[in-house]
Amino acid sequence: MAYLELQNIAIEFSDFKIEDINIQLDKGKFLVLLGHSGSGKTSLIQAICGIVPIAQGKVLLNGVCINDLPIHKRKIGMVFQDFALFPHLNVFENIAFGLRIKKAKNIDKKVQDLLELIELPNYSKRRVYELSGGEKQRIALARTIAAEPDIILFDEPMSALDESLRDRLRATIKNVVKQMNITTIYVTHDQKEAFYLADYIGIMHAGRLIRYDTGDNIWQQPQNQLTADFLGVHNQFDATVKAKNHESNMFFYKLDVKGIELSIHSTQKLELNQRVKICFRAESVFLSFKNEGVNSFESTILDYKIFGSTISFTLQVQNLNILGKTFRIINLENYSNQTLYCTIPEHAISIIY
Ligand SMILES: Nc1ncnc2c1ncn2[C@@H]1O[C@H](COP(=O)(O)OP(=O)(O)OP(=O)(O)O)[C@@H](O)[C@H]1O
Ligand SMILES: [Mg+2]
């Protein structure tokens with residue numbers, strides 16, 4: 001039995017519906033919810049903590065339905081984008097707040113331990129207005145953890161902070177919740193952040209959970225077109241199965257993609273002449289001066305764009321335009337009139353629906 005289970009959750013607003021949400025999360029696991037703006041991420045986590053009513057389905061914690069449990073009785077902590085610290089209290093009192101309500105023992109030591117954990121050991125006397133954004137967010141994290149929640153929900157906690165601070169703070173968040181074995185759901189728009197933090201990733205689209213799996217599985221196999229689109233896997237092509245072979249559970253296929261023969265392997269069973277859709281990441285495409293064998297094709301660079309440390313380029317391979325991306329270690333200008341080979345590794349190609 002999973003620690004946190006969402007069973008067929010539906011949420012209904014006047015003109016927006018969230019439906020069919022099924023999630024199982026074990027104790028101490030970190031789930032990141034990704035999705036476009038308005039896809040329902042905030043509403044879903046607010047339903048878990050009881051702010052938004054559930055129209056259908058169940059939230060189970062340790063097998064017990066908590067749908068009807070009032071907010072203050074759910075041991076669920078929340079950290080939002082606006083840090084919501086109490087401005088009239090100093091750092092110590094902000095963190096101690098929940099402990100005082102619970103009449104906890106050893107409050108001084110508990111608060112000091114938490115200040116050490118968030119690496120602000122000497123900040124207890126500081127006033128809220130004397131803190132930077134990143135410091136406020138760390139105090140908000142400590143205050144939430146002080147209440148010893150069963151679950152912490154984060155809603156874009158770092159979107160107001162700059163990139164280098166986000167880097168450090170996300171490491172703090174990951175360490176702290178892992179150390180304390182707290183089950184976590186974290187909403188972000190930042191894919192890099194999602195894949196760094198997550199044990200599991202849920203991708204929401206228009207009120208549905210369109211993909212839920214480990215970060216690794218989602219990275220390697222988006223499985224459906226909406227997920228591939230969301231993750232920016234832009235090489236998507238229609239293909240036809242022309243040959244097949246298999247060895248125990250692994251299938252080897254030769255596909256025809258607009259006259260090009262692509263080899264792939266997959267655990268999915270396909271029939272000869274079946275029409276499928278495939279995708280692969282721009283980062284998986286690599287360039288060379290010689291034919292590299294399997295899935296290696298003569299190609300011409302149609303155009304390229306430089307984005308700081310990376311170059312994105314478009315290649316023409318017969319009738320196909322393929323997008324590639326690489327670190328800026330080569331100067332594509334020198335090669336624009338030369339024939340290059342592009343290779344798409346078999347393991348980088350996956351089937352989507
Ligand atoms: N209390 C409410 N009453 C009516 N509609 C609501 C309410 N809360 C949210 N919505 C609608 O539900 C949809 C999903 O909103 P939600 O805030 O959950 O999206 P989100 O994925 O968190 O978006 P963002 O990434 O912009 O924060 C939106 O269309 C929003 O207008
Ligand atoms: Mg939101």
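Which residues lie nearest the centre of the largest pocket, and how many residues line it? The largest pocket is lined by 24 residues, and those nearest its centre are Arg74, Ile76, Gly77, Thr144 and Ala147. The structure is a predicted model, in which local features need pLDDT of at least 70, side-chain atom pairs count only at pLDDT 80 or more, and totals for chains, interfaces and linings use all residues. Residues are numbered from 1 along each chain as its sequence is written, chains are lettered from A and ligands numbered from 1 in the order in which they are written, and side-chain values use heavy atoms, with hydrogens and water left out.

**The pockets**

A pocket is an open set of points, on a 1 Å grid over the protein atoms alone, where a 1.4 Å probe fits and protein lies on both sides within 12 Å along at least five of seven lines; its lining residues have an atom within 4 Å of a point. In the lining of the largest pocket, strand E6 gives the most, with five residues. The second largest pocket has Leu231, Gly232, His234, Glu283 and Lys325 closest to its centre, among the 19 residues that line it. Domain 1 (4–223) and domain 2 (233–352) both give residues to this lining, so the second largest pocket lies between them, the domain bounds coming from an automatic or database assignment.

The table gives the residue classes, where Ala, Val, Leu, Ile, Met, Phe, Trp, Tyr, Cys and Pro count as nonpolar, Asp, Glu, Lys and Arg as charged, and the others, Gly among them, as polar.

| Group of residues | Nonpolar | Polar | Charged |
|---|---|---|---|
| Lining of the largest pocket | 13 residues | four residues | seven residues |
| Lining of the second largest pocket | seven residues | six residues | six residues |
| Shell around ligand 1 | two residues | eight residues | two residues |

**Ligand 1**

The residues surrounding ligand 1 (those with a heavy atom within 4 Å of it) include Phe13, Phe16, His36, Glu156 and His189. Polar contacts are pairs of N or O atoms within 3.5 Å. A polar side-chain atom of serine 37 lies 2.5 Å from an oxygen atom of ligand 1, while for lysine 41 a polar side-chain atom lies 2.8 Å from an oxygen atom of the ligand. Serine 39 takes part through a polar backbone atom, which is 3.2 Å from an oxygen atom of ligand 1.

Notes: A polar contact is a pair of N or O atoms within 3.5 Å; within protein, one must be able to donate a hydrogen and the other to accept it, and residues adjacent in sequence count only if both atoms are side-chain atoms. Helices (H or I, at least four residues) and strands (E, at least two) are DSSP runs, numbered from the N terminus.
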